[in-house]
Amino acid sequence: MLAYAAAVERHSTHPLATAITTAADAVLMAQDVSEEAGHGISGIVDGHRVTVGSPRWIDPGPLAARVQSLEADGQTCVLVTIDGLVAGVIGVRDELRPEVPEVISDIEPSGCRGEHAHRRQRPHSTCAGTDRRHR
């Protein structure tokens, strides 16, 4: 499923596409690729219509609980369909760079707060690399 997703994602410049193509071991070719900005991309891979896109664009169907779980874990999800059937979900997460705690410590004295590096799903924001919480 990842190889099929990567085949169409190679035609996109979206950062998630880069992560997906980097993670795939196999390199398949896609034809008739079209992208719908903000939603996803589709094309023909090995004779199959493959679509990769946001769960807001593609109904996750039986994978809805898995999508919710991955998103609650801070991952961005994309769904993959093959010939119109949901084939899987891919979760992608940015990892904080090692220097983030030091940068936040350096900027906090200037009045800036590290609240923007937080997990959205929690009722409070946790500063990256610190143990302080902001409501």
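The following points set out the strand pairing, cores, salt bridges and helix packing of a predicted model.

1. Strand pairing on one side of strand 3. Strand 2 (residues 40–45) and strand 3 (residues 48–53) run antiparallel and are joined by six bridges. At the hairpin, Val45 has His48 of strand 3 as its bridge partner. Two residues lie between these strands, and Asp46 in this hairpin adopts a positive phi near 50 degrees.

2. Pairing of strand 3 with strand 4. Strand 3 is also joined to strand 4 (residues 76–82), through four bridges and again in an antiparallel arrangement. Here Val50 stands opposite Ile82 of strand 4.

3. The largest nonpolar core. This core comprises 16 residues, of which Val8, Val52 and Ile90 touch the most other members. Two or more residues come from each of helix 1 (2–9), helix 2 (15–23), strand 2, strand 3, strand 4 and strand 5 (85–92). The greatest contribution is that of helix 1, with four residues.

4. The surroundings of Val8. With residues up to four places away in sequence not counted, Val8 touches Ala30, Val33, Ile41, Ser42, Gly43, Val45, Val50 and Val52. The list includes Val45, the bridge partner of His48, and Val50, which stands opposite Ile82.

5. A separate core. Apart from the largest core lies another, of six residues, including Ile58, Val67, Leu70 and Val89. Two of the residues named here, Val67 and Leu70, are buried residues of helix 3.

6. The salt bridge of Arg56 and Glu71. The structure holds two salt bridges. In one of them, the side chains of Arg56 and Glu71 meet at 2.7 Å, N to O. Arg56 belongs to the loop between strand 3 and helix 3 (64–72), whereas Glu71 belongs to helix 3, so the pair ties together parts that are 15 residues apart in sequence. As to accessibility, Arg56 is exposed, with a relative accessible area of 63%. Glu71, by contrast, counts as buried because its relative accessibility is 15%, under the 20% limit.

7. The salt bridge of Asp73 and Arg93. The closest N and O atoms of Asp73 and Arg93 are 3.0 Å apart in this salt bridge. Asp73 is in the loop between helix 3 and strand 4, and Arg93 is in the loop between strand 5 and helix 4 (100–107); the pair therefore ties together parts that are 20 residues apart in sequence. Asp73 is partly exposed, at a relative accessible area of 31%, and Arg93 is likewise partly exposed, at 37%.

8. The faces of helix 3. The buried residues of helix 3 are Val67, Leu70 and Glu71. Viewed down the helix axis, these buried residues fall within an arc of 100 degrees, so they line one face of helix 3. They pack against strand 4 and strand 5. The exposed residues Ala65 and Gln68 are carried on the face turned away from the buried side. Just after helix 3, Gly74 takes a positive phi of about 90 degrees.

9. Thr81, a buried residue of strand 4. Thr81 is found in strand 4 and counts as buried, at 8% relative accessibility. Leaving aside neighbours within four places in sequence, Thr81 is in contact with Arg49, Val50, Thr51, Ile58, Val86 and Ala87. Among these contacts, Ile58 is a member of the six-residue core.

Methods: Residues numbered from 1 in each chain as written. Predicted model: local features only at pLDDT ≥ 70, side-chain atom pairs only at ≥ 80, totals over all residues. Heavy atoms only, no water. Pairing = 2+ DSSP bridges. Core = buried A, V, L, I, M, F, W, Y, C linked by side-chain atoms within 4.5 Å. Buried < 20%, exposed > 50% of the residue type's maximum accessible area, 1.4 Å probe, protein only. Contact = heavy atoms within 4.5 Å. Salt bridge = Lys/Arg side-chain N within 4 Å of Asp/Glu carboxyl O. Arc of directions from axis to C-beta.
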